[in-house]
Structures are given as C-alpha cells and as structure tokens.
Amino acid sequence: PLDLLAEPAAVVHAVRLQAARHWGVPLDEVWLDSRAKPEEDDDQSDLDSFKGDEVSRSRASTPAASRAATPGDDLIDEKMPVEPPKLVVSITGMTIEGARWDQFAPDGGALRECERIDGPFDPAPVVSLIPLAREAFFDEDEEAERLSPKGVYRCPVFASTRHTEVLFWINLKAYENTAERNRTASECLSRPERDAGKVLDQPFFIVRGVAAVLAVPPATVIVDT
C-alpha cells in the first residue's frame, strides 16, 4: 500500500525509470496510464504486446560484442535467458474523497456521485500503473487514445486531504458528460503528454473536487460499501 511509504511519489518515478531503461528511451518519453484494475484483468500481458517490448527483447538477444559497449556488459552471461521485467505495478491503500467507487458497475466498476451521509470518503479500487512510451505504439491513433482516454474522470492523487501536491493521476471510468480541458503542469511530465495538448475529463466530478488521497485524518471512518 502506498499510504505506508514515506515517499510514495518515489514509486511512481521508479516505474517510469524502469520502463525507460527497459525500452532504451529517455525518461522524458515515458508516461503512465493509471487505471482501475478489474480482478480478471492482466495489464502485463497487454503491455507485453507493445512494439517497444519487441524492440527491447531484440536488443537483449544481440550479443554484447556486436553492439556498443555499455557499463556492465562484461558482467552479462550471454547464455542466460533474458527475462523482461514486470513493468506494471498495482497499488492499493488509496481513498476516494467526494465520490464513491461502484465495484458492481459493468466492466469492473465505475465512479459515482457520493450519496452517503456518513462522510465523503470511500475506498478506492486497486489501480494499475502502466508505463507507456512512444516507442511502444504501432500507430498514432492508439497513442492518442492512451494519452486522452474517453469515458474516464482524471482523478488527481494527493498524499493527504490537505491537497498540497499532486503525486500522479488515475483514470477512473465514469458515465458523466465529457469535455476537453487543458492539462495541468503535473500532467505534463513527459514530452508525449505535452505534445498531446488538451485532455478529456468530466466536469461533474471536477467541480465537486473529487480526488484520491493516500492518508486520511485518524478520526475518519471509511465505510466499504
């Protein structure tokens, strides 16, 4: 659970950094597609089908003597099979503030308006952090769909209810009306995100200040519906 870590933002940076090293691309080319994970979903299998993973495996299968020398090549045993790293990370321990997660909605759940009177907090679903890079896509349409998905609320994740700094963003499926908005500075950590410009979002939850937090006040009671 991220709420037990002293520096939860470091996990997000580590996921991007490992993906950049795996694909052999600059860190500025890697962004995160963060979304709720249905129990039967296998995000890693989906990620392994990307072009970037094929490029990485092709490079890994090339003998070290035939490619440019890099630090550590002399320590590589070419007889050992190369196992691609698991790039997708599933995180738990978050709480949704100002809305509720309907786990019984079709296709793995959806974000709903909070109708309870016992408080504005509700347990968040398990979220997958999926690192992506421009190298990983076969066409621009697929890349654009990942950069600005439809039918989701772009939910900011904060360390606490003080909302001082956005750690990262997650895409939570919702059924409200969608509109374009400008990306904030915390949504432009990579060059592909900056190039994409505006992003689709749902004003219904924006005006309600819906967010996810890692830690809530000790006296807060969170009811799991």
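Let's start at Asp 201: setting aside its neighbours within four places in sequence, this residue is in contact with Val 152, Tyr 153, Arg 154, Asn 177, Thr 178, Ala 179, Arg 181 and Ile 206. Keep in mind as we go that this is a predicted model. Asp 201 sits in strand S11, which covers residues 199-201. Is Asp 201 buried or exposed? With a relative accessible area of 2%, Asp 201 counts as buried, because anything under 20% falls in that class. One of its contacts deserves a closer look: a polar atom of the Asp 201 side chain lies 3.0 Å from the backbone nitrogen of Arg 154.

Arg 154 takes us on to the next stop, as it is one of the residues that line the largest cavity. The structure holds one cavity of 30 Å³ or more, and the volume of the largest cavity is about 50 Å³. Along with Arg 154, its lining is made up of Trp 31, Leu 32, Asp 33, Arg 146, Leu 147, Asn 171, Arg 183 and Glu 193. Two elements, strand S1 (30-36) and helix H4 (140-147), give two or more residues to this lining. Of these, S1 gives the most, with three residues. And what classes of residue face this cavity? The lining has five charged, three nonpolar and one polar.

From the cavity we can turn to the nonpolar side chains. In soluble globular proteins, such side chains tend to be buried together. Here the largest nonpolar core has 24 residues, and those that touch the most other members are Met 94, Leu 111, Phe 168, Ile 170 and Leu 172. At least two core residues come from each of H1, S1, strand S4 (99-102), strand S7 (127-133), strand S8 (152-160), strand S9 (166-173) and strand S12 (211-215). Which strand supplies the largest share of this core? That is S9, with four residues.

Leu 111 is a good place to look around. Leaving aside neighbours within four places in sequence, Leu 111 is in contact with Ile 96, Ala 99, Arg 100, Trp 101, Tyr 153, Leu 172, Lys 173, Ala 174, Phe 205 and Val 210. Apart from the largest core lies another, of seven residues, including Ala 19, Val 30, Leu 87 and Ala 133.

Our last stop is Val 25, in the loop between helix H1 (8-23) and S1. Although in a loop, Val 25 is buried, with a relative accessible area of 11%. Its C-alpha atom is 9.1 Å from that of Arg 134, a residue 109 residues apart from Val 25 along the chain.

Note on methods:
Residues numbered from 1 in each chain as written. Predicted model: local features only at pLDDT ≥ 70, side-chain atom pairs only at ≥ 80, totals over all residues. Heavy atoms only, no water. 1 Å grid on protein atoms, 1.4 Å probe; cavity = no way out; pocket = protein on both sides within 12 Å on 5 of 7 lines; lining within 4 Å. Points joined across faces, edges and corners; volume = space filled by probe spheres on them. Nonpolar A, V, L, I, M, F, W, Y, C, P; charged D, E, K, R; others polar. Buried < 20%, exposed > 50% of the residue type's maximum accessible area, 1.4 Å probe, protein only. Polar contact = N/O pair within 3.5 Å; in protein donor to acceptor, adjacent residues only side chain to side chain. Contact = heavy atoms within 4.5 Å. Core = buried A, V, L, I, M, F, W, Y, C linked by side-chain atoms within 4.5 Å.
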